[in-house]
Amino acid sequence: MSELSLDPLERYVQLRDDRWLFLKHCIFTKDEVDADTPIKAYPSHFLYAKFIVLMWDKHKKIAIPKSRRMTVSWTCLALIVHDIIFFKGRSWAVTSKKEENAKELISRCEFMIQHIPPDIISPDLIPKMKRGGMQ
């Protein structure tokens with residue numbers, strides 16, 4: 001955690017201004033295959049994930065070829081979560097081939113928000129979900 005400021009306000013600004021830091025320190029993923037430790041810190045050791053974040057920052061549109069068991073979906077959803085938390089008034093639509101699959105993607109966003117460490121970002125600074133969840 002040494003790369004993050006100890007001052008909560010400065011740390012909030014750091015995380016707002018650096019999406020990679022946000023993913024690295026605030027995002028947790030769920031691994032349905034690992035029954036022993038299904039909740040894991042975001043795998044910031046994957047260089048392709050950092051590349052995706054850099055391209056997200058640089059371009060308005062990106063296309064990402066992917067295969068199963070990569071963290072591309074989690075990465076893109078985490079970038080949406082970052083946008084929702086730090087920039088008020090943003091709206092996002094998450095789609096998939098079936099409504100059921102889209103709901104699963106939304107539940108991942110909710111999971112990420114619920115697992116942001118309170119010592120990194122105070123829960124008071126995270127927007128509240130209407131009716132207990134994302135719509």
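The following exercises concern the fold, surface and cysteines of a predicted model.

**Exercise 1. Determine which secondary-structure elements the chain contains, and in what order they run.**

Step 1. Five helices and two strands are present in the chain.

Step 2. Read from the N terminus, these elements follow the order α-α-β-β-α-α-α.

Step 3. For 135 residues the globule rule gives 14 Å, and the radius of gyration of the chain is close to this at 15 Å, so the chain is as compact as a globular protein of that length.

Step 4. Along the principal axes, the C-alpha atoms occupy a box of roughly 45 × 40 × 35 Å.

**Exercise 2. Describe the burial, contacts and surface of the chain.**

Step 1. Of the 135 residues, 36% are buried.

Step 2. Consider the contacts between residues at least 6 apart in sequence: 56% of them join residues at least 24 apart.

Step 3. The exposed area of the chain is about 9000 Å², and 56% of this area comes from carbon and sulfur atoms.

Step 4. The chain carries 22 positive and 17 negative charges, whose mean positions lie 7 Å apart.

**Exercise 3. Establish how many disulfides the structure holds, and why Cys-26 forms no bond with Cys-109.**

Step 1. The number of disulfides in the structure is zero.

Step 2. A disulfide requires two cysteine sulfur atoms within 2.5 Å.

Step 3. For Cys-26, the closest cysteine sulfur belongs to Cys-109 and is 15 Å away, which is too far for a bond.

Step 4. Cys-109 likewise takes part in no disulfide; its nearest cysteine sulfur, in Cys-76, is at 10 Å.

Step 5. Cys-26 is buried, with a relative accessible area of 0%, and Cys-109 is buried with a value of 2%.

Note on methods
Residues are numbered from 1 along each chain as its sequence is written. This is a predicted model: local features need pLDDT of at least 70, side-chain atom pairs count only at pLDDT 80 or more; totals for chains, interfaces and linings use all residues. Side-chain values use heavy atoms; hydrogens and water are left out. Helices (H or I, at least four residues) and strands (E, at least two) are DSSP runs, numbered from the N terminus. The radius of gyration is taken over C-alpha atoms; the globule rule is 2.2 Å times the number of residues to the power 0.38. Buried means under 20% relative accessible area, exposed over 50%, partly exposed in between (1.4 Å probe, protein chains only). Contact means heavy atoms within 4.5 Å. Accessible areas come from the Shrake-Rupley method with a 1.4 Å probe; for residues, only the protein chains shown count as cover. Lys and Arg count as positive and Asp and Glu as negative; His and the chain ends are not counted. The place of a charge is taken as NZ of Lys, CZ of Arg, CG of Asp or CD of Glu.
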